[in-house]
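Here are my comments on the model you sent, set out as numbered points for discussion. I have kept to what can be read from the coordinates.

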Amino acid sequence: MTSHHVFETAAGFAAIGWNASGICSFRLPAASSASAERALLKRFPGSTRTAPPAEIAAIVALACRYFAGEQVDFSAAPVDIGEQEPFFARVYAHVRGIGWGETTTYGTVAKALGEGPEAARAVGQAMANNPVPLIVPCHRVLAAGGKIGGFSAPGGSNSKAHMLELEGVATAPPQMGFGF
C-alpha cells in the first residue's frame, strides 16, 4: 500500500510517496500540483493521496527548507527503493553518502564501487531511474569533466544546475543541443 502527499516548495510543487518501509517515491518540483501528482502516480498508480504521518511530514519540511536554500541532510530519511538491479542498489547506497555541496562524477562512482570506466554509463542509468531524487542526491553526480550531464526531472539540466547552485556549487551552463 502506497500513500502520497503533494506539497509546494519555493521551486514548485513536489510529491512524496511512502509505504510501511519508507519513502518509495519523490518527485522533484514541477509547475503544478497536478503534474507532480501525475508523475508520482505513473510509478504508483494505486497510491492514495493523504496527509503524511509525522516521520514523512518531517521529510516534507526538510524538502521545503532545501528548496528555500537551507542546508539540510536527508541521510536519516527511511527509504524503500523497491526491487532494483543489484548494481543500481549499490549506486544508490553510495550516492546517498554524497553530502551537501559535494559533487562527483559517474565514472568516480563506478570506480568507488570497484567497477571499470565502462560502468559509468550504468551509473548514469541508475541516476536516471532514481525513485527518490533529492533523498538519494543524484543531482550531485556529474558527467566527466564536471559537466552537468542529463537530468530526468522537470526542467532537465537547468533544474540540476539550480539545485547545485542552492548548495553553493558553481556549474558551467548546461550544454545545449544543436537546433537541427
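The points below concern a predicted model, and they go from the sheet and its helices to the salt bridges and the cysteines.

1. The sheet. The model, which is predicted, contains an open sheet of 4 strands in the order S3-S2-S1-S4, and the pairing within this sheet is mixed. Its edge strands are S3, covering residues 22-30, and S4, each of which pairs on one side only. Strand S1 (residues 3-9) and S4 run parallel and are joined by 2 bridges; in one of the residue pairings between them, Ser3 has Thr48 in S4 as its bridge partner.

2. Helices on the sheet. Helix H1 packs on the sheet and touches S1, strand S2 (12-19), S3 and S4, with a direction that makes about 145° with that of S3. Helix H2, which spans residues 54-67, lies across S1, S2 and S3, and runs at about 25° to S1.

3. Glu37 and its surroundings. Where does Glu37 lie? Its place is in helix H1, and with a relative accessible area of 16% the residue is buried. Leaving aside residues up to four places away in sequence, Glu37 touches His4, Val6 and Arg49. The C-alpha atoms of Glu37 and Arg27 are separated by 8.1 Å, although the two residues are 10 residues apart along the chain.

4. The salt bridge of Glu37. The contact with Arg49 deserves its own point, since the side chains of Glu37 and Arg49 meet in a salt bridge with an N to O distance of 3.2 Å. This pair links distant parts of the chain, with Glu37 in helix H1 (residues 33-43) and Arg49 in strand S4 (residues 48-49), 12 residues apart. The two partners can be set side by side in accessibility: Glu37 counts as buried at 16%, whereas Arg49 is partly exposed, with a relative accessible area of 45%.

5. Other salt bridges. How many salt bridges does a search of the whole structure find? The search finds 4, among them the pair of Glu37 and Arg49 just described. Side chains of opposite charge can pair when their charged atoms come close. Glu70 and Arg65 also meet in a salt bridge, at 2.8 Å from N to O; Glu70 is partly exposed, with a relative accessible area of 37%, and Arg65 counts as partly exposed at 35% relative accessibility. A further salt bridge is formed by Arg90 with Glu115, where the closest N and O atoms are 3.5 Å apart. Arg90 lies in helix H3 (residues 86-95) and Glu115 in the loop between helix H4 (106-112) and helix H5 (120-128), so this pair ties together parts that are 25 residues apart in sequence. Here Arg90 counts as partly exposed at 35% relative accessibility, and Glu115 is partly exposed with a relative accessible area of 32%.

6. The buried face of H3. The buried residues of H3 are Phe87, Phe88, Val91, Tyr92 and Val95. Seen down the axis of H3, these buried residues fall within an arc of 140°, so they line one face of the helix. On the other side of H3, Pro86 and Ala93 are exposed. The elements that cover the buried residues of H3 include H4, H5 and strand S6 (141-142).

7. The buried face of H5. In H5, the buried residues are Ala120, Val123, Ala126 and Met127, and, viewed down the axis of H5, they fall within an arc of 110°, so they line one face of the helix. What covers the buried residues of H5 includes H3, H4 and S6. Read together with the previous point, H5 is among the elements covering the buried residues of H3, and H3 is among those covering the buried residues of H5.

8. Cysteines. Why does a search of the whole structure find 0 disulfides? For Cys64, the closest cysteine sulfur is that of Cys138, at 18 Å, which is too far for a bond. For Cys138, the closest cysteine sulfur belongs to Cys24, at 16 Å, again too far for a bond. As for their accessibility, Cys64 counts as partly exposed at 26%, whereas Cys138 counts as buried at 6%.

Definitions and conventions
Residues are numbered from 1 along each chain as its sequence is written. This is a predicted model: local features need pLDDT of at least 70, side-chain atom pairs count only at pLDDT 80 or more; totals for chains, interfaces and linings use all residues. Side-chain values use heavy atoms; hydrogens and water are left out. Buried means under 20% relative accessible area, exposed over 50%, partly exposed in between (1.4 Å probe, protein chains only). The arc is that of the directions from the helix axis to the C-beta atoms. Contact means heavy atoms within 4.5 Å. A disulfide is a pair of cysteine sulfur atoms within 2.5 Å. Two strands pair if DSSP finds at least two bridges between them. Axes are lines fitted to C-alpha atoms, for helices over the stretch in contact, and angles run from 0 to 180 degrees between N-to-C directions.
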